[in-house]
Amino acid sequence: MRYRRLGGTGLQVSRVCLGMMSYGSPTWRDWVLDLDAARPLVRRAAELGITFFDTADMYSLGVSEEVTGTLLRELFTDRDDYVLATKVFMPMGEGPNMGGLSRKHILSGIDASLRRLGTDHVDLYQIHRWDPDTPIEETMEALHDVVRAGKARYLGASSMYAWQFAKAQHAADLHGWTRFVSMQDHYNLLYREEEREMHPLCLDQGVGVIPWSPLARGMLAGTRTREGRTTTRARTDEVADRLYAEADFAVVDAVAEVAAQRGLPPAQVALAWLLHKPAVTAPIVGATKPGHIEDAVAAVDIELSDDEIVALEKPYVPHPVLGHR
């Protein structure tokens, strides 16, 4: 495993982040693994040097945080040996204040997350999306207070427009509040719209990019093909149906061709491409089988040639902006 600073901070994170959405309660999603099924996978990730773990309060409606906290306490003897990230924004109940980025929800949300995680702080506290109904000044001040209280070490954001991200950073700068140090956005070989504005902004401002869905919800790994879908998640993932289209299979074919020439799994090639991008600190990889973790870690050491990168990128078809909601 290799490690890199998260953006312009001094925080070192593994170049692969293990996404914990796959662990929690199978009643939330059919493909989610419970605590016992998740344990060997998270243990293997730790053995291979992964020290960066990302969850959210809404994954399995809190159960993912419970599983994450339990397993990290089992696997690491020192709290400083791993980097723990979670998120706030999505509704956690039916009440009008059970979601969003109001001061009320942020302050109650961090306390609830810490209880479920079984820790006194998270290393990275992220807003899961932009909240159009709350003034950004209210959100940024509340997040700053979370940091000042010692409940979070750093702040991060997730999918939004570049102008919104710049507005949030400006509000923090204007008032002397804590800035965002990371951007968790939708980015992979099938969806590269973030290269237009968000990633240049992040590079300029020293913000680390930690993409979600680096394998396009399994499509780049071969779980969704023209002929059908090979896994439970691929068959039931309605979000993927909104994000990707038939034209994207041309990119999948290019990945498969480069992978065949190299004698590598397509997932390793797709992740290696992502890891060579200068804005990217660590892709967030989901894993429900040991091979998923092995592929992700192996990708860290793969060097693609300029010709291979051209071949992978050439079939790309521009997309409408996706993943902000």
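Reader: How do the residues lining the second largest pocket divide into nonpolar, polar and charged?

Author: In this predicted model, the lining of the second largest pocket is made up of eight nonpolar, four polar and two charged residues.

Reader: And which of the lining residues lie nearest the centre of that pocket?

Author: Of the 14 residues that line the second largest pocket, those nearest its centre are Trp130, Tyr161, Gln164, His324 and Arg325. The space inside that pocket comes to about 270 Å³.

Reader: Changing topic to aromatics, how many aromatic pairs does a search of the whole structure find?

Author: The search over the whole structure gives six aromatic pairs. One of them joins Phe53 and Phe76, where the ring centres are 5.9 Å apart and the planes stand at 70°, so this pair counts as edge-to-face.

Reader: Where do Phe53 and Phe76 lie?

Author: Phe53 belongs to strand β4 (residues 52-54), while Phe76 is in the loop between α2 (63-75) and β5 (83-88), so the contact ties together parts that are 23 residues apart in sequence. A further ring takes part as well, since ring pairs link Phe53, Phe76 and Tyr82 into a cluster.

Reader: Is Phe53 buried or exposed? And what about Phe76, buried or exposed?

Author: Phe53 is buried, with a relative accessibility of 0%, and Phe76 is also buried, at a relative accessible area of 13%.

Reader: What about Tyr187 and Trp273, how far apart are the centres of their rings?

Author: The ring centres of Tyr187 and Trp273 lie 5.6 Å apart with the planes at 45°, and the pair is therefore described as tilted. This pair links distant parts of the chain, 86 residues apart, with Tyr187 in the loop between β8 (180-184) and α6 (198-205) and Trp273 in helix α10 (residues 266-275). Both Tyr187 and Trp273 are buried.

Reader: Which ring does the charged end of Arg29 sit over?

Author: The charged end of Arg29 is placed over the ring of Trp28, at 4.0 Å from the ring's centre. A second arrangement of this kind involves Arg192, which lies over the face of Tyr316 with 5.0 Å to the ring centre.

Reader: Now the sheet. In what order do the eight strands come, and is the pairing parallel or antiparallel?

Author: The eight strands form an open sheet with parallel pairing, and reading across it the order is β9-β8-β7-β6-β5-β4-β3-β10. At the edges are β9 (208-209) and β10 (284-285), each of which pairs on one side only.

Reader: How many bridges are there between β5 and β6?

Author: There are four bridges between β5 and strand β6 (residues 122-127), and the two strands run in the parallel sense. Along this pairing, Thr86 is opposite Tyr125 in β6, and Lys87 is opposite Gln126 in β6.

Reader: How many residues of β6 are buried?

Author: Six of the six residues of β6 are buried, and the strand is therefore largely enclosed by the rest of the structure.

Reader: On to the loops, then. Which residue other than glycine has a positive phi near 55°?

Author: Ser213 is one such residue, with phi near 55°. Ser213 sits in the loop between β9 and α7 (232-236) and is buried, at 12% relative accessibility. Arg217, which is not a glycine either, has a positive phi of about 55°. Arg217 is likewise found in the loop between β9 and α7, and is buried with a relative accessible area of 18%.

Reader: Where is Leu61, and is it buried or exposed?

Author: Leu61 is in the loop between β4 and α2, and with a relative accessible area of 53% it is exposed. From C-alpha to C-alpha, Leu61 and Leu114 are 14 Å apart in space, and along the sequence they are 53 residues apart.

Reader: Last one, what separates the C-alpha atoms of Arg79 and His121?

Author: The C-alpha atoms of Arg79 and His121 are 9.7 Å from each other, although the two residues are 42 residues apart along the chain. Arg79 is placed in the loop between α2 and β5, and it is buried, with a relative accessible area of 17%.

Key
Residues numbered from 1 in each chain as written. Predicted model: local features only at pLDDT ≥ 70, side-chain atom pairs only at ≥ 80, totals over all residues. Heavy atoms only, no water. 1 Å grid on protein atoms, 1.4 Å probe; cavity = no way out; pocket = protein on both sides within 12 Å on 5 of 7 lines; lining within 4 Å. Points joined across faces, edges and corners; volume = space filled by probe spheres on them. Nonpolar A, V, L, I, M, F, W, Y, C, P; charged D, E, K, R; others polar. Phe/Tyr/Trp six-rings, centres within 6.5 Å; stacked < 30°, edge-to-face > 60°. Buried < 20%, exposed > 50% of the residue type's maximum accessible area, 1.4 Å probe, protein only. Lys NZ or Arg CZ within 6 Å of the ring centre and 35° of its normal. Pairing = 2+ DSSP bridges.
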